[in-house]
Amino acid sequence: MTDAITFVPSRTALLLMDVQAGILGLLSDPSELVQRAKQAKQAATAAGIQVVYVRVAFTEEDYKGISENNKTFTPVAENHLFAEGSPETVIAPEIQPGPNDKVFTKTRTGAFSTTQLDDFLCERGIDTLVLAGVSTTGVILSTVRDAADRDHRVVVLSDVCADPDAAAHRTLLESVFPSQADLLDGKSFADSLVAGHADGVGSAE
């Protein structure tokens, strides 16, 4: 795990992904993860880093657009899961978006798929993404892969992501993500932002 990472706030975004009731509910106890996500958000906001939320929700038209070939989302459409406006789609109350935060709604797994996230980042010159959320085998994995392919610098907050499958979570963090992303725990992320502010400099190199 990499500890010595610094950030240029204007070039960095914290992505809080799928931290909504219907997905947090897959965890046996999401409270600690939500608290760490709250702390990461507070640190990012204080440092002037853009906070971005990515959530999953579907309209009736979205359901109609899901192919029967899609093994993941066909059951979602058939059972009208994560319908827009339903309790499943509500972001955890402890980390509700603030006035300067951006929210994207997706209808597939990764943060870039079916959203305008990439355009938003490019318009602002953001090339460093700090990823957190649920689940590690879902949105985190898909977004790590896609972000790396788009030449973003990727950092995964190792203790601010989680998965119902603890073994798969560990495997991804230990054996898969390091080839495309840096790993940092939430406290080290916050500490690095405080240190960078104190020094008056930052680097995403």
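So, how many bridges join strand 4 to strand 5? Six, and the two strands run parallel. Keep strand 4 in mind, since I'll come back to it.

Quick housekeeping. This is a predicted model, where local features need pLDDT of at least 70, side-chain atom pairs count only at pLDDT 80 or more, and totals for chains, interfaces and linings use all residues. Residues are numbered from 1 along each chain as its sequence is written, and side-chain values use heavy atoms, with hydrogens and water left out.

Okay, the sheet. We've got an open sheet of six strands in the order 3-2-1-4-5-6, with parallel pairing. For the terms, strands (E, at least two residues) and helices (H or I, at least four) are DSSP runs numbered from the N terminus, and two strands pair if DSSP finds at least two bridges between them. As a reminder, strands of a sheet pair through backbone hydrogen bonds, either parallel or antiparallel. At the edges sit strand 3 (102–106) and strand 6 (182–184), each of which pairs on one side only. On average, neighbouring strands here are turned by 25° against each other, direction ignored. That angle is taken between axes, which are lines fitted to C-alpha atoms, for helices over the stretch in contact; angles run from 0 to 180 degrees between N-to-C directions.

Back to strand 4, residues 128–134. On one side, six bridges join strand 1 to strand 4, again parallel, and threonine 12 stands opposite threonine 128. Towards strand 5, glycine 133 stands opposite cysteine 161. Seven of the seven residues of strand 4 are buried, so the strand is largely enclosed by the rest of the structure. Buried here means under 20% relative accessible area, exposed means over 50%, and partly exposed is in between, with a 1.4 Å probe and protein chains only. Thr128, Val130, Ala132 and Val134 point one way, Leu129, Leu131 and Gly133 point the other, and all are buried.

Moving out to the edge, three bridges join strand 5 (residues 153–162) to strand 6, also parallel. One pair to look at is leucine 157, whose bridge partner in strand 6 is leucine 184. And what lies across strands 1, 2, 4 and 5? That's helix 2, residues 31–47, which runs at about 145° to strand 5.

Now for the backbone oddities. In general, most residues other than glycine have a negative phi, and most peptide bonds are trans. The peptide bond from valine 134 to serine 135 is cis, with omega near 5°. Serine 135 sits in the loop between strand 4 and helix 6.

Then there are two positive phi values. Aspartate 18, in the loop between strand 1 and helix 1, has phi near 60°. Phenylalanine 82, in the loop between helix 4 (74–78) and strand 3, has a phi of about 55°. Buried or exposed, for aspartate 18? Aspartate 18 counts as buried, because its relative accessibility is 4%. Phenylalanine 82 counts as buried too, at 14%.

Both of those turn up again in the pocket. The largest pocket has a volume of about 330 Å³. Of its 18 lining residues, the closest to the centre are Asp18, Ile23, Thr72, Phe73 and Phe82. The definition is a bit of a mouthful: on a 1 Å grid over the protein atoms alone, a pocket is an open set of points where a 1.4 Å probe fits, with protein on both sides within 12 Å along at least five of seven lines, and lining residues have an atom within 4 Å of a point. Helix 1 (21–24) and helix 6 (136–149) each supply at least two residues of the lining. By class, the lining has 10 nonpolar, five polar and three charged residues.

Last, two partly exposed residues. Leucine 141, in helix 6, counts as partly exposed because its relative accessible area is 22%. Leaving aside neighbours within four places in sequence, leucine 141 is in contact (heavy atoms within 4.5 Å) with Thr136, Leu172, Val176 and Phe177. Histidine 80 is in the loop between helix 4 and strand 3, and is partly exposed at 39%. With the same neighbours left aside, those within four places in sequence, histidine 80 is in contact with Glu60 and Tyr63.

Definitions and conventions:
Grid points are joined across faces, edges and corners, and a volume is the space filled by probe spheres set on the points. Ala, Val, Leu, Ile, Met, Phe, Trp, Tyr, Cys and Pro count as nonpolar, Asp, Glu, Lys and Arg as charged, and the others, Gly among them, as polar.
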